[in-house]
Amino acid sequence: MAKVPAAAVAASGLVGGYAIARWTRKRPLGGAALAAAGAVAAHGWNRQAGAPAATGLTVAYVAAFAGSHPLAKKVGAWPAVFTVAGAMAATSWAVTRRAA
């Protein structure tokens, strides 16, 4: 089975969590998707770069989620989600690539 990069899982979790919450109108369902993707990504980060990097990237993931809210007030919801997802993917890629 092909391994999906943790960077892609994290970005997909941010985008997918928002999409699920928006289209189902059930924010807890979107939060569950966001948390599940975060857990999968954290496992991948730990395997690829170790516990300290995984901890830092998990904190960045939560910060990206939190930061999307005030950013959405300035640029709109979807642009904010895509911005933080892209930033999270780039950060994840940079940290895990350096560890490889």
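**Exercise 1. Compare the span expected for helix H1 with the distance between its end C-alpha atoms.**

Solution. Start with the rule: the expected span is 1.5 Å times one less than the number of residues. Helix H1 covers residues 6-24, and helices here are DSSP runs of H or I with at least four residues, numbered from the N terminus. With 19 residues, H1 should span 27 Å, and its end C-alpha atoms lie 26 Å apart, which agrees.

Before going on, please keep in mind that this is a predicted model, where local features need pLDDT of at least 70, side-chain atom pairs count only at pLDDT 80 or more, and totals for chains, interfaces and linings use all residues. Residues are numbered from 1 along each chain as its sequence is written, and side-chain values use heavy atoms, with hydrogens and water left out.

**Exercise 2. Find which residues of H1 are buried, then look at what follows the helix.**

Solution. First, the cut-offs: buried means under 20% relative accessible area, exposed means over 50%, and partly exposed is in between, using a 1.4 Å probe and protein chains only. In H1, the buried residues are Ala-6, Ala-7, Val-9, Ala-10, Ala-11, Gly-13, Leu-14, Gly-17, Ala-19 and Ala-21.

Next, step past the end of the helix. H1 is followed by Arg-25, which lies in the loop between H1 and H2. Phi of Arg-25 is near 60°, a positive value in a residue other than glycine. For background, most residues other than glycine have a negative phi. Arg-25 has a relative accessible area of 75%, so it counts as exposed.

**Exercise 3. Describe how H1 packs against H2.**

Solution. Two packed helices are described by the angle between their axes and the distance between the axes. The axes are lines fitted to C-alpha atoms, for helices over the stretch in contact, and angles run from 0 to 180 degrees between N-to-C directions. The axes of H1 and H2 come within 7 Å and cross at roughly 175°. H1 and H2 are therefore roughly antiparallel (angles over 145 degrees; roughly parallel is under 35).

Now list the partners, with contact meaning heavy atoms within 4.5 Å. On the H1 side they include Ala-10, Gly-13, Leu-14 and Gly-17, and on the H2 side they include Ala-33, Leu-34, Ala-37 and Trp-45. Sorted by class, this contact of H1 with H2 has 14 nonpolar, six polar and one charged residues. In this sorting, Ala, Val, Leu, Ile, Met, Phe, Trp, Tyr, Cys and Pro are nonpolar, Asp, Glu, Lys and Arg are charged, and the others, Gly among them, are polar.

**Exercise 4. Work out the arrangement of H2 and H3.**

Solution. H2 (residues 27-49) and H3 (residues 51-75) pack at about 155°, with axes 8 Å apart. H2 and H3 are therefore roughly antiparallel to each other. H2 passes H3 in a right-handed crossing, meaning that the near helix is turned clockwise from the far one by less than a right angle. Among the contact residues are Leu-34, Ala-42 and Trp-45 of H2, and Leu-57, Thr-58 and Tyr-61 of H3. The class tally for H2 with H3 is eleven nonpolar, three polar and no charged residues.

One of these, Thr-58, deserves a closer look. Thr-58 is partly exposed, with a relative accessible area of 30%. Leaving aside neighbours within four places in sequence, Thr-58 is in contact with Ala-42 and Trp-45.

**Exercise 5. Describe the pair H1 and H3.**

Solution. The axes of H1 and H3 come within 11 Å and cross at roughly 25°. That makes H1 roughly parallel to H3. H1 passes H3 in a right-handed crossing. The contact joins Ala-10, Gly-13 and Leu-14 of H1 to Tyr-61, Ala-64 and Phe-65 of H3. These residues divide into five nonpolar, one polar and no charged.

**Exercise 6. Is Tyr-18 buried or exposed, or partly so, and what does Tyr-18 contact?**

Solution. Begin with the place: Tyr-18 is in helix H1. At 23% relative accessibility, Tyr-18 counts as partly exposed. Leaving aside neighbours within four places in sequence, Tyr-18 is in contact with Ala-77, Trp-78 and Val-81. The C-alpha atoms of Tyr-18 and Phe-65 are 47 residues apart along the chain and separated by 9.4 Å.

How values were computed: Helices (H or I, at least four residues) and strands (E, at least two) are DSSP runs, numbered from the N terminus. Angles under 35 degrees count as roughly parallel, over 145 as roughly antiparallel, 65 to 115 as roughly perpendicular and the rest as oblique.
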